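Hi,

Here is the structure I promised to pass on. Have a look at it first, and then read my notes below.

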Amino acid sequence: MTLPLTEHILYTQDQLHIEACSIESIAAKTTTPFYCYSKAQLLSNIHHCQAAFKPHGMDIHYAMKANSNLSILRLIADQGLGVDLVSSGELLRAQAAGIPEKSMIFSGVGKTTVELTLAINAGVGQFNVESVEELELLATLATQHARSINAALRVNPDVAVDTHKNITTGRKGNKFGITIEQALSLYQCYADHPWIKLSGLAMHIGSQIQSVTPYRQAIEKLMALATKLEEAGFSINSLDLGGGFGVDYGDGANLDLVSVAQEIARSTANFRGRIIVEPGRSLVANAGVLVSRISYIKEAQPNPFLILDAAMNDLMRAALYQASHPIVPTNTDNDSAIRHYDIVGPICESTDTFARSYPLSKSLKAGELVAFLCTGAYGSVMSSTYNSRSILPELLVSGTETQIIRKEITQAQLIEYEL
Ligand SMILES: Cc1ncc(COP(=O)(O)O)c(C=O)c1O
């Protein structure tokens with residue numbers, strides 16, 4: 001494994017640093033576990049993404065589900081990106097971060113009446129509709145509120161994707177989107193609707209994808225549909241191609257954004273409208289770490305257990321889809337021979353296991369810190385309070401400055417909500 005360290009999250013003199021701050025110095029000022037992000041890494045990821053897609057005139061809408069902390073959102077919005085959101089909660093957050101409603105795309109398979117009403121009245125720029133039934137409801141609400149709606153149909157192109165089965169979204173049997181056949185008849189049905197303007201097609205085929213092939217295959221199907229619709233007299237003004245661009249979690253595999261952009265440009269060369277992409281993970285994953293303290297090293301067979309104070313409720317990805325994150329000591333100056341550990345959290349579930357037989361220094365001791373790398377995406381946002389555990393603080397580092405960007409939601413505060 002090659003550690004996915006970056007220009008801004010790296011070892012300096014045996015100490016893991018985020019920019020100019022050592023993790024040990026940050027941990028001295030807060031409780032563990034905690035999430036910590038690098039502002040410079042985040043900005044570098046955004047600029048890299050813009051450099052890949054902007055020369056082709058493509059629009060970037062950050063899929064805010066990956067990390068929706070307000071400070072992170074503000075940084076992303078300041079760079080001129082729009083957002084892709086999937087709930088009224090995300091809409092409120094995007095508004096709180098100052099993102100213009102026109103720059104928002106509302107995706108999601110189960111938008112409720114309340115959520116659609118809120119989004120319609122807020123003036124959300126584009127609705128990505130995922131079913132016949134949703135379009136009916138959207139049309140009813142748009143008529144009631146006398147609001148013009150710009151909508152795209154999310155199509156399920158049914159392509160195979162080389163990722164974990166739980167994070168494919170564009171295969172037959174996945175709940176997302178409508179079929180290509182349905183798209184044509186919906187365009188015909190809503191052609192003269194006074195408030196619904198169907199003018200785009202959308203797709204999102206999965207997450208942590210490592211090859212451009214499924215994009216090429218899916219875009220081919222989308223382009224064929226767009227051509228058919230145009231021949232039938234409909235104008236298709238936008239193609240939203242989703243996100244899903246894979247990042248390196250230590251196995252060296254990732255998806256280079258420049259090649260994705262080139263592939264998209266090639267595959268959509270005959271399309272004259274606007275192309276949108278919705279990256280989430282690739283903008284934030286490697287900009288964040290989860291820092292945890294070792295509570296115990298419990299001797300056992302076949303491996304000792306490294307029992308951490310972080311658990312599956314803080315970082316669900318391992319329990320949810322067997323994802324692995326590189327786990328590293330924050331201080332390597334005592335590094336000695338390697339020992340293999342089973343790395344677990346304190347929660348009363350056997351799936352509260354981050355790694356099995358994981359090689360780390362033999363000299364590790366209870367009380368020392370480890371960091372989970374590449375946890376800026378789908379980390380903190382997926383937290384729960386299982387076992388009545390708190391929601392972790394989040395910090396942002398910029399140079400020598402460390403700022404708390406979300407306070408811990410404490411165990412006592414959680415109890416206050418119960419009547
Ligand atoms: C509609 C949509 N767009 C974009 C994304 C972002 O995916 P990723 O974070 O893998 O780039 C998702 C993730 O599930 C999604 O559902």
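What follows is a short tour of the ligand site, two helix pairs and a few backbone details.

One thing to keep in mind from the start: this is a predicted model.

**The ligand site**

Let's begin with the ligand. It has 14 residues around it, and the closest are Ser207, Gly244, Glu278, Arg281 and Tyr378. By character, the shell splits into four nonpolar, five polar and five charged residues.

Three of those closest residues are worth clicking on. Glu278 has an N or O atom in its side chain that sits 2.6 Å from a nitrogen atom of the ligand. With Tyr378, the ligand partner is an oxygen atom, 2.6 Å from an N or O atom in the tyrosine side chain. Gly244 takes part through its backbone: a polar backbone atom there is 2.8 Å from an oxygen atom of the ligand. As for how much of the ligand is covered, on its own it has 400 Å² of accessible area, and the protein covers 91% of that.

**Two helix pairs**

Next, the helices. Two packed helices are described by the angle between their axes and the distance between the axes.

Take α7 (residues 180-189) and α8 (residues 213-231) to begin with: they pack at an angle of about 25°, and their axes are 11 Å apart. Because angles under 35 degrees count as roughly parallel, α7 is roughly parallel to α8. Their crossing is right-handed.

The other pair is α2 (residues 39-53) with α9 (residues 257-267). Here the axes come within 8 Å and cross at roughly 25°, so α2 and α9 are roughly parallel to each other. The crossing of α2 and α9 is right-handed.

**Backbone details**

Finally, where should you look for cis peptide bonds? One runs from Thr32 to Pro33, with omega near -5°. You'll find Pro33 in the loop between α1 (23-27) and β4 (34-38). Another cis bond links Gln301 to Pro302, and its omega is near 0°. Pro302 belongs to the loop between β13 (288-298) and β14 (305-308).

Also have a look at Glu19. Its phi is positive, at about 50°, although Glu19 is not a glycine. This residue lies in the loop between β2 (15-18) and β3 (21-22).

If you want a place to start on screen, try the ligand with Glu278 and Tyr378, and then go on to the loop that holds Pro33.

Cheers

Definitions and conventions: Residues are numbered from 1 along each chain as its sequence is written. This is a predicted model: local features need pLDDT of at least 70, side-chain atom pairs count only at pLDDT 80 or more; totals for chains, interfaces and linings use all residues. Side-chain values use heavy atoms; hydrogens and water are left out. A residue is near a molecule or strand if one of its heavy atoms lies within 4 Å of it. A polar contact is a pair of N or O atoms within 3.5 Å; within protein, one must be able to donate a hydrogen and the other to accept it, and residues adjacent in sequence count only if both atoms are side-chain atoms. Accessible areas come from the Shrake-Rupley method with a 1.4 Å probe; for residues, only the protein chains shown count as cover. Ala, Val, Leu, Ile, Met, Phe, Trp, Tyr, Cys and Pro count as nonpolar, Asp, Glu, Lys and Arg as charged, and the others, Gly among them, as polar. Axes are lines fitted to C-alpha atoms, for helices over the stretch in contact, and angles run from 0 to 180 degrees between N-to-C directions. Helices (H or I, at least four residues) and strands (E, at least two) are DSSP runs, numbered from the N terminus. Angles under 35 degrees count as roughly parallel, over 145 as roughly antiparallel, 65 to 115 as roughly perpendicular and the rest as oblique. A crossing is left-handed if the near helix is turned anticlockwise from the far one by less than a right angle, and right-handed if clockwise.
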